[in-house]
Amino acid sequence: MFLRHLSIKFLSPISRRLSDSAVVLEAKTGTYANAFKKFEDLNKPTSEESEPFVSLLKNSKFIDLGDPEGKVVTGKIFHTVDDDLYIDFGWKFHCVCPRPIKNASNYVRGTKVRLRIKELELSTKFLGFEKDLTLLEADCQLLGLVQERSK
Amino acid sequence: MLKIKNILTLTEKCAPTIRLLSSAVPQPSESTTQIETAQIPSDLQQEVLKHPDYFQVHNLFTVKDLFDARIHYGHKEGSLDPKMLPYIYGSRLGHTIFDLDKTAEYLRRALNVAAHIAYRDGVILFLLRGAQNSHLVERYAKECGEFAHTRFWRGGIFTNSEKQFGAVTRLPDLCIFVNTLNTVLTQHTAVRDAAKMGIATIGIVDSNCNPNLLTYLVPGNDDSPVAVEMYCKLFKEAILRGKAKRKEHLEI
Amino acid sequence: MIRKINLLLEPLKYLKIQQNFEARLISTTVNLFNESTAERPATSVANIKSKNTLNKAMKSYLERAQQHDEFMKTEKHQFEIGKRHLANMMGENPETFTQDDIDNAIEYLFPSGLYDKRARPLMKPPEEVFPQRKAAEFDETGRPYHFLFYTGRPNLYQVLHDTVEKINELNNFEDTMIRKNLQPDPNLALELSGSQWLDKNTLEQKLVEPVSDGEYSNFLKAMDRLCSLPYSHKAKDFIMEYRKPLMSNSEAFDVIKPQIGPDGRQFVTTYECRRKRAIGNVTIRFPGTGKISINGQDINYFKGIQQREQLLFPLIFTNMQRKVDIEAEVQDGGESGQAGAIRYGIAWGLRSFIDQEYIENMRLAGLLTPDFRIRERKKPGQKGARKKFTWKKR
């Protein structure tokens with residue numbers, strides 16, 4: 001329930017405290033006030049050099065993707081164990097795919113591959129647990145190589 | 001004399017061989033004359049404490065850096081702990097997203113604490129469970145001259161240390177939990193033990209963690225290697241800054 | 001009445017005040033004294049200071065180390081005295097009495113039939129008898145030296161940490177080689193067949209730490225993973241540190257050189273071949289025609305088929321039936337014991353006349369392994385060596 005309420009936040013207009021960040025330190029103030037102001041300044045996100053989170057998120061690929069299920073993304077193999085490929089595609093979790101039979105030797109560490117996302121997090125509710133149990137893995141289908149590896 | 005002694009201890013520390021009790025007993029007379037435990041003048045210490053951000057930890061990172069390190073990704077809604085709600089921005093199609101503005105604030109506070117403790121020559125212990133990132137954390141802990149425990153947690157390391165180590169042992173002054181969950185998705189026992197022993201804790205808490213027992217929490221993703229490396233890098237830098245300042249002040 | 005009491009109390013009150021005053025006086029002098037110490041030369045102040053800041057952990061360690069040292073000192077002293085007594089008892093010069101002499105003397109003075117060697121009486125220098133312990137793992141402020149100290153097994157986990165470090169290094173190296181389109185050289189591949197991983201006890205001794213079964217299997221897994229990498233030969237030094245050569249393999253290598261007999265033929269004699277109670281000497285002559293003589297008789301010395309098969313097995317196994325002559329002298333024991341003793345002698349001697357591959361095959365077939373088992377004696381009060389009499393409670 002609360003989550004539905006929360007998700008509305010995405011639609012709400014971006015509120016930035018721009019005016020707050022423009023605090024000019026007075027020369028003649030007490031040490032405590034000085035320190036207090038300094039501290040206040042530090043607590044604020046350093047918006048001078050970086051965008052606020054809201055706009056970062058709004059312009060991110062993750063939001064562009066929309067509903068991730070069934071979308072095709074590129075990933076990079078970062079680890080192989082026998083015939084299991086561990087692929088990182090920029091999400092919180094990696095995914096593990098079996099090595100395809102065709103062109104098997106081309107799937108080495110560092111290869112870029114195409115994936116179709118089935119599920120971003122493998123987690124389900126089990127009896128006797130309040131929370132979902134998660135495998136800390138995403139579920140994807142390996143489609144093939146992005147391009148021939150640069151030799 | 002002091003320098004020679006320092007070099008000696010350094011070589012001792014670097015020696016890869018296993019030191020045995022009978023072979024290398026430090027002489028009591030030597031150790032008492034050693035002045036390594038020199039104190040920083042208290043007025044300087046006070047000054048450092050009064051400053052809101054003495055070690056300039058706020059410029060270690062920007063929200064963009066955190067964003068690029070995927071720190072905003074949380075778990076699915078189903079595994080959300082209600083206690084994490086204040087730190088969560090919202091949910092994107094079932095996946096919780098952290099508010100990085102808040103995370104940045106908490107992270108800066110935690111970095112400041114870490115730097116201060118390093119400055120006061122505190123012992124800092126990095127903790128983590130899970131094989132994927134354990135080597136990473138150990139490496140960073142080693143690089144900043146601090147300690148790591150990323151293995152199976154045998155009960156009583158804090159609460160029964162005298163038995164566990166066979167002697168009176170100095171416990172860490174600060175524990176940094178890079179993730180607070182066990183591999184079986186229960187809370188790391190050390191979180192509880194540290195709370196029992198009054199050891200300050202910094203913990204990265206993901207959306208399925210309970211932040212209640214932590215002193216300084218940092219809401220954020222604790223699973224991706226990229227995120228873990230980011231945290232380690234930041235804490236290492238903060239600790240090194242604290243240590244550098246300490247060295248500087250000791251020489252005065 | 002009351003007045004009287006007051007009068008009595010009056011001097012007491014005065015005394016009390018006086019005492020207070022005195023106490024105050026003392027306290028001021030103490031303060032003065034303290035101030036004067038503060039103005040003393042800086043060295044002593046530093047000394048006091050560092051003494052105060054010496055960590056509790058370090059203090060208790062120093063006490064422990066001192067105790068250990070004293071204990072070892074007395075033990076060593078007692079050992080020296082015992083050694084001299086023993087030398088006198090054996091009628092030898094105590095100055096030149098070595099550890100070997102001690103061992104022999106103990107074996108002579110306290111003969112023991114106990115099977116396990118560790119259970120027999122011994123007299124060794126205290127350094128060997130008492131287990132070695134770790135030195136302090138922290139400095140004066142109590143800060144540990146090792147970055148994995150709080151795991152409780154820093155040395156073990158350091159090894160695992162190093163292993164992962166090596167694995168990562170080799171993976172990176174492999175990636176660069178793949179980018180250059182190079183394959184690992186099969187000639188350089190790591191040769192592990194002649195050695196095995198350190199067993200748990202040896203590892204524990206090496207690391208001076210207890211290692212649990214689970215941790216040991218983790219160690220093996222990590223090491224196997226490292227060895228399975230295509231470029232594992234680059235980490236050979238690291239891997240070999242935790243392997244030891246196979247015993248039987250190294251023994252099999254030192255083959256006896258054949259001597260030349262008076263008739264111009266090569267021969268090898270194997271002495272003291274044993275099996276059960278039988279003991280014999282076997283001579284193999286090469287080249288030969290397959291003649292066999294046992295205590296002056298031919299193969300009919302053995303009545304049973306099985307004994308003859310035993311005898312011939314190493315020859316058939318190596319295809320040498322018609323190429324060598326065998327002469328054996330064997331005594332004691334029964335038929336099968338004598339046959340087994342000769343079999344071992346033939347197999348052992350044959351190594352001088354066949355190539356390495358056959359030797360390895362013979363080792364794998366168990367022909368080069370002496371069989372030390374002998375009959376266990378019957379015990380009084382029971383039926384056999386182990387078997388008990390039948391016994392019913394009622």
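# A walk through chains A, B and C

Select C:Gly333 to begin: this glycine is partly exposed, with a relative accessible area of 42% (buried means under 20%, exposed over 50% and partly exposed in between, using a 1.4 Å probe and protein chains only).

Before you move on, some ground rules: this is a predicted model, in which local features need pLDDT of at least 70 and side-chain atom pairs count only at pLDDT 80 or more, while totals for chains, interfaces and linings use all residues. Residues are numbered from 1 along each chain as its sequence is written, chains are lettered from A and ligands numbered from 1 in the order in which they are written, and side-chain values use heavy atoms, with hydrogens and water left out.

**Around C:Gly333**

Show the backbone on either side, and you will find C:Gly333 in the loop between strand S7 (325–331) and helix H12 (335–350) of chain C. Helices (H or I, at least four residues) and strands (E, at least two) are DSSP runs, numbered from the N terminus. Which residues does C:Gly333 touch, not counting residues up to four places away in sequence? They are C:Arg277, C:Ala278 and C:Gln338, where a contact means heavy atoms within 4.5 Å. Add C:Arg275 to the selection too: 58 residues separate C:Arg275 from C:Gly333 along the chain, yet their C-alpha atoms are 8.3 Å apart.

**Aromatic rings**

Now colour the aromatic side chains, which form 24 aromatic pairs over all chains. Rings of Phe, Tyr and Trp (its six-membered ring) pair if their centres lie within 6.5 Å; planes under 30 degrees apart count as stacked, over 60 as edge-to-face and the rest as tilted. Zoom to B:Tyr54 and B:Phe55, an edge-to-face pair with 5.4 Å from centre to centre and 80° between the planes. Both of these residues are buried.

For another geometry, go to C:Phe313 and C:Phe317: their planes meet at 45° and their centres are 5.6 Å apart, so this pair is tilted. Both residues belong to helix H11 (residues 305–317) of chain C, where they are 4 residues apart, about one turn of the helix. How exposed is C:Phe313? C:Phe313 is partly exposed, at a relative accessible area of 36%, and C:Phe317 is also partly exposed, at 30%.

Stay in chain C and select C:Trp197, C:Tyr216, C:Phe219, C:Phe238 and C:Tyr242, which form one aromatic cluster. Now add C:Lys206, which lies over the face of C:Tyr242, 5.3 Å from the ring centre. A charge sits over a ring if NZ of Lys or CZ of Arg is within 6 Å of the ring centre and within 35 degrees of the ring normal. Elsewhere in the chain, C:Lys234 has its charged end over the ring of C:Phe173, at 4.1 Å from the centre.

**The sheet in chain B**

Switch to a cartoon of chain B to see an open sheet of 5 strands in the order S5-S4-S6-S7-S8, with parallel pairing. Two strands pair if DSSP finds at least two bridges between them. Where are the edges? Look at strand S5 (147–149) and strand S8 (216–219), each of which pairs on one side only. From one strand to the next, the twist averages 20°. Strand S7 (residues 200–205) pairs with S8(B) in the parallel sense over 4 bridges, and B:Ile202 has B:Tyr216 as its bridge partner in S8(B).

**Chain A**

Chain A has 5 helices and 7 strands, and its elements run α-α-α-α-α-β-β-β-β-β-β-β from the N terminus on. Of its 151 residues, 30% count as buried.

Pick strand S1 (residues 72–81), which is joined by 5 bridges to strand S4 (residues 112–119), the two running antiparallel. There, A:Val72 has A:Arg116 as its bridge partner. Strand S2 (residues 84–88) is also antiparallel to S1(A), with 5 bridges, and A:Thr80 is partnered by A:Leu85. S1(A) and S2(A) form a hairpin with 2 residues between them, and A:Asp82 in the turn has a positive phi of about 50°.

**Colour by confidence**

Finish with pLDDT, the predictor's confidence in each residue, from 0 to 100. The mean for chain C is 81, with 84% of its residues at 70 or more; over residues 4–52 of chain C, however, pLDDT is below 50. Where pLDDT is low, the predicted coordinates should not be read in detail. The predictor gives the complex an ipTM of 0.83 and a pTM of 0.66.

Notes. Axes are lines fitted to C-alpha atoms, for helices over the stretch in contact, and angles run from 0 to 180 degrees between N-to-C directions.
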